Amino acid sequence: DKYFDVDDLVFEVDHGSIPKPSLQYMYTPHVLSPSPVTETVAKYDRKFSVPRCADYSVACNTGFDLIWNVGDEEPNFPNSIDTCSDSTGPTAHKFESVRYISVRSTKDTIMTVGDWISIIARVYSPNDKSLRPMSEDNQFILHFYYTSDFEPRWKYIASRFRKPGDSWFEVKHMLPKGSLHAVRVIYGYGRFLVGPCVKSWEYYDVDDLMFTVVEPFSTVLPSLAPTSSVAEEDLVAVYDTEFTAPRCFDVGASCNTWFKNGGVGRDANGGYENNAPNTIDGCEDYSVGMHRHDESIERMRVRSVEGGPLSVGKEAIFEIFVYTATDTSGRPNPHEKEVARFWYTPDVISKDWSEIDYKRIDAESGVQLLSTRFMIQPGDNTQAVRLSYGYSDSAVAGPCYRMDKYFDVDDLVFEVDHGSIPKPSLQYMYTPHVLSPSPVTETVAKYDRKFSVPRCADYSVACNTGFDLIWNVGDEEPNFPNSIDTCSDSTGPTAHKFESVRYISVRSTKDTIMTVGDWISIIARVYSPNDKSLRPMSEDNQFILHFYYTSDFEPRWKYIASRFRKPGDSWFEVKHMLPKGSLHAVRVIYGYGRFLVGPCVKSWEYYDVDDLMFTVVEPFSTVLPSLAPTSSVAEEDLVAVYDTEFTAPRCFDVGASCNTWFKNGGVGRDANGGYENNAPNTIDGCEDYSIGKRGHDESIQSMKVASVDGAFLSVGEKARIEAYVFKAKDTSSRSNPNEKEYAHFWYAPDAKSKDWSHLRSTSFDPGSGGLMRLNLNFTLQPGDSTQAVRLTYGYAESRYMGPCDRMDKYFDVDDLVFEVNHGAIPVPSFQYIATLDSPLPNHSKSIAATYDSEYTVPRCFEHASLCHGGFVLIRGVGDEEENSPNTIDSCADRTGSSSQNFESIFFMSVQSVTKEIMTVGD
C-alpha cells in the first residue's frame, strides 16, 4: 500500500552451537585420483599477501614450501588476505600447522563457476598426549572457509576433528560467482569454536590459497594450456574519497573495478550500490532500478590493447559487464531498446567528457559484455571513463542525462604513462618569436624566496622572468635552481657553452587579467651551442624542450607539450587553458639527448630546468580585478612557512586551507639526494630515517589541510588532509623486498600539547615510483586555536604504529601546523549564578569521593543522590594539586603556580534535583 515501511537489522551470531562433527578420523594420507593435467603450484602474491594461482587451472596447490611452518617461522607470514594471524613463536615441527592446501575440479576441467571442487588440506600436530590431552573440550579441529570477489566475506564450509600426527582431509564445495576465489584452512587445538579468524586457541595456524575461476559469461575461452596470468600491472581499483569513484592509483596494463560498483542507485531496494553514485562529478543513478533485475552496471575495466602500461598515444579497450532488464512488459514503453553511452575524459579535474561510442542492446538478454576502443589522449596523469546505461533514449543525451527511470551511471579512474608520447615531428623555428602588440605592460617577476622561483604576486595580463633571473644554468644561474621542488639543472658549465632556458613568459590570449578557464600563451627562449662537433644530431640525440604546468588546486606537474629544435638561440610558444587554482606555475625543461619526458628529467648530461609562478583569478573569487594590481593569493588560501617556535611549516592565520606546497619535500638530514629543508619539520622533534633518497625512496612531498565546504577552518566542521608522497621506485634490493608501504594520519587539536590521535592508516604496494595522492576527511575538534596534522609514511610494518614509531629504514614524518576558528561553537550567555547558600544541601544519600587509582580521578563508588569531591582532593593546580592532574585522560593543568595565586578549581559536585538516588533519565 502507500503506507509501507521496511527496515533491516544486521546482527552477529555465535557458531558455537553448530553440531560437532562426529569423531571420525583419517589415519592414511589422502591420495589424489589420477589427473590428465598437472596441478598448478601457486606463487606468493605480494599484492594479496597469499599464495596465488593467477592463471586459469584444473587444480591449484600451495606446494610444500609456501605455508609449511606457522607464525614467525612461516614464509611470508601470515599468508592471509585480511592479515588474520597465526599464534606466533613455536615452529610447525612442534605445534599445530597447516602444511599444504589444494583445490581441484572434480571434473578435471578448468575450474568454472558452478562446478564442484575438492578442497584438500594437509595438517600436522604433535603426537604427544602429555602436550595435548584430548577431551570433549580439547580437540584437534580443522575449519574450512571460502570467499570470492563477488561477495568478499568468509563463508563457513565445514569442520573436521582429527587425532595427532600428520593427516590429510578433503571437503567438496560448489564454486560461487566471481573470478577471484580464495579458500582458508584454520587448524588448532582447543574447544570447538568457529569463525574465520579464531584467536582464542593457544596454538593455531591460518592459511589462505587464492586462485582464478572462469565465469560463464566471461569472454575468455580457456584451454588446458596456461593463459596469461594476472600480471602485477593488472590493477584492482579501490574507492577513492577524493574522486568519489573506483580508482587505480598506479599505471598498469589494466584497471578493473571487479564488483566494487555493482548495483544501482542509493535505495536499499535490492539495488543499493556501494559508495553510490561512483562518479567523479556526482552524477546519480535513477533509484527505481533493482540490481540484476533491471539495467545495472556490474563491472568495468580499462586495458591496454598491446598489453603494456596504459600510455598516452596508445589504444585502450573499455569493457563493461551489464545486467539487462529481466522483464520490461510492465513498463509504459515495453518495446524500447536499452542504450549504452561510452564517455572518456583525459583530465579528471576538468571533468570534460567526450562521447567515444554508443550502443543499442536488446532488453531481457541476460548479462552482456560491452566494449569499445579509444585512444588515450595527452592530458592529466589521472584520467577516467564512464558508462551511462539505461532503458530507452532521447535525441539529446549528455554525460549525465538520464534516459529513463531505469538508469545506471558509473566511472572508473585510472593512471596513464606519458612516457610513450610520440615524438614531435622535426620541425624547427629559426626566427625569434615576436609578441603581438598589447594594450598593457607585461609584469616582470621578482625572485620569491618563499617559493624559490621568479614570481608575479599580483594579478596580471602577462608575466615574464625578464632576462636576468634565469639567464644562466646550474651554479652560474642566479638563485639556482629556480624550481619550486628543488629539481636541479646539470651543474658546472655556463649557459654560454651549453643548453639553457633564458626567458619564460605567460600571457592571456584575450589581453585581459588571467582567469581560470582562459587560454594563455606560454613562451620560452632557449639556447644551445651551434657546434656540431659538440652536439651531433641523430634520431636518439636531439635538442628537446618540454613544457609542464601546476597549480595549488592540484599541486603536481602536468605535461603540456614538447618541441624539437636546431642549435642556437630560439623562441617557442604553446597554448594552455588555465585550470582551477589561484597560484599557478609553468616549468620549462631544455636539454640534449634521447626523447624522454618527466617533470624532472635527469638522464640528460646537459639540461636546464626553470619555473615561473604567477597569480590567477578564480571565477568564484570575491575579488573583481581591474588592470590595477590587486591583492595576490586569496587570504583564506594560505601557504605555510617554517615556524621556529613549532619547528614545522605553519599557517599563522585562519584560512579555508593551509598548504606546505613543496616546502617539506625530501626526507632526512643527509645530503643523500634526499635532504629535507628545516628537517625534521615536526613539532616534537620526531625524526625521519635518513637512509631514504628523495624521489627514489619513500618521502613526503607536500601536505594540505582544507575545509571540505570551502569556508574557514572551524571547530566542529569537516576538513580534509591531502598529502603527496613519493613511492619507492625499487625495493628488490632491500632485505625485505615483499613488504608494503604504510601511511598513518595523525591529528593534534592542540599543537602545544602534542597529544596525537590516530585518524586512519592505509597501505599499498611500492610500485615503480612517482607521486601518489593520499587524503581523508576528519572533524576539527575543540582544543587550542593552533592545531596540527601529521603523516608518518614508510616501508614495512610489524605492528600498530605510534605517532613517532619508525617502520623501517625508509621512513618520513612531517607535520603541518594551522589555525582554526572556534567561532562556530555556541558561546554561553553571560549569566552568573549567585553564591549558593550551601554547596552541600540535605540529600537522601550524600557521598564524598575518594581518589580512584584506576581512573586517576576522584570517584563516588556507591549510588547516591549527591556526590562531591570535598575541599581537599582537587584544591590547588598543577604540581600543587593532590594526585595531579585528576583527569581520566591525563589532560594536564598549566603547572608551577599555586591555586592561592592563580586560576584553579576548588570544588565539584553532582546532585539529583529531586534529592533522591541519581537514576538514568533524572
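**Reading a predicted model**

Biologist: Is Phe-11 buried or exposed?

Modeller: Phe-11 is exposed, because its relative accessible area is 61% and the cut-off for exposed is over 50%. Keep in mind that this is a predicted model. Phe-11 is located in the segment before β1, a strand that covers 40–41.

Biologist: Which residues make the nonpolar surface patch with Phe-11?

Modeller: Leu-9 and Val-13 join Phe-11 in that patch, which has an area of about 380 Å².

Biologist: How do I read a salt bridge, and how many are there?

Modeller: Look for a side-chain nitrogen of Lys or Arg within 4 Å of a carboxyl oxygen of Asp or Glu. By that rule there are 38 salt bridges. One of them pairs Glu-170 with Lys-172, at 3.2 Å from N to O. Glu-170 is partly exposed, because its relative accessibility is 25%. Lys-172 is also put in the partly exposed class because its relative accessible area is 46%.

Biologist: Which residue forms a salt bridge with Arg-507?

Modeller: Asp-511 does, and the closest N and O atoms of the pair are 3.0 Å apart. Arg-507 counts as buried because its relative accessibility is 8%.

Biologist: What does the salt bridge between Arg-773 and Glu-722 tie together?

Modeller: In this pair the closest N and O atoms are 2.9 Å apart. Arg-773 is in strand β44 (residues 771–779) and Glu-722 is in strand β41 (residues 718–726), so the salt bridge ties together parts that are 51 residues apart in sequence. Both Arg-773 and Glu-722 are buried. Salt bridges can also link up into a network, as they do for Asp-643, Glu-645, Arg-650 and Glu-819.

Biologist: In what order do the strands of the five-stranded open sheet stand?

Modeller: Read across the sheet from one strand to the next: β24-β27-β28-β29-β32, with mixed pairing. The edges are β24 (443–444) and β32 (568–577); each has a single partner strand, so one side of each has no neighbour in the sheet. Inside this order, β27 (residues 462–464) and β28 (residues 500–508) run antiparallel and are joined by three bridges. Ala-462 stands opposite Arg-507 of β28.

Biologist: Which residues touch the most other members of the largest nonpolar core?

Modeller: That core has 30 residues, and the ones with the most contacts to other members are Val-506, Ile-520, Ile-522, Phe-547, Tyr-549 and Phe-614. Among the elements that give two or more residues to the core are β28, β29 (519–528) and β34 (606–615). To follow one member, take Val-506: leaving out residues up to four places away in sequence, its contacts include Ala-462, Ile-520, Ile-522, Leu-612 and Phe-614.

Biologist: How many residues of strand β23 are buried?

Modeller: Ten of the ten residues in β23 (residues 406–415) are buried. Check the two directions in which they point. One way go Tyr-406, Asp-408, Asp-410, Leu-412 and Phe-414; the other way go Phe-407, Val-409, Asp-411, Val-413 and Glu-415, and all are buried.

Biologist: Which strand pairs with β23 in the antiparallel sense?

Modeller: Strand β22 (residues 382–391) does, over nine bridges. Val-385 has Leu-412 of β23 as its bridge partner. Strand β14 (residues 245–251) runs parallel to β23 and is joined to it by two bridges. Here Arg-247 has Val-413 of β23 as its bridge partner.

Key:
Residues numbered from 1 in each chain as written. Predicted model: local features only at pLDDT ≥ 70, side-chain atom pairs only at ≥ 80, totals over all residues. Heavy atoms only, no water. Patch = residues over 30% accessible without salt bridge, like charges linked within 9 Å, V, L, I, M, F, W, Y side chains within 5 Å. Areas by Shrake-Rupley, 256 points an atom, 1.4 Å probe, with all protein chains shown as cover. Helix = DSSP H or I, 4+ residues; strand = E, 2+ residues; numbered from the N terminus. Buried < 20%, exposed > 50% of the residue type's maximum accessible area, 1.4 Å probe, protein only. Pairing = 2+ DSSP bridges. Core = buried A, V, L, I, M, F, W, Y, C linked by side-chain atoms within 4.5 Å. Contact = heavy atoms within 4.5 Å.
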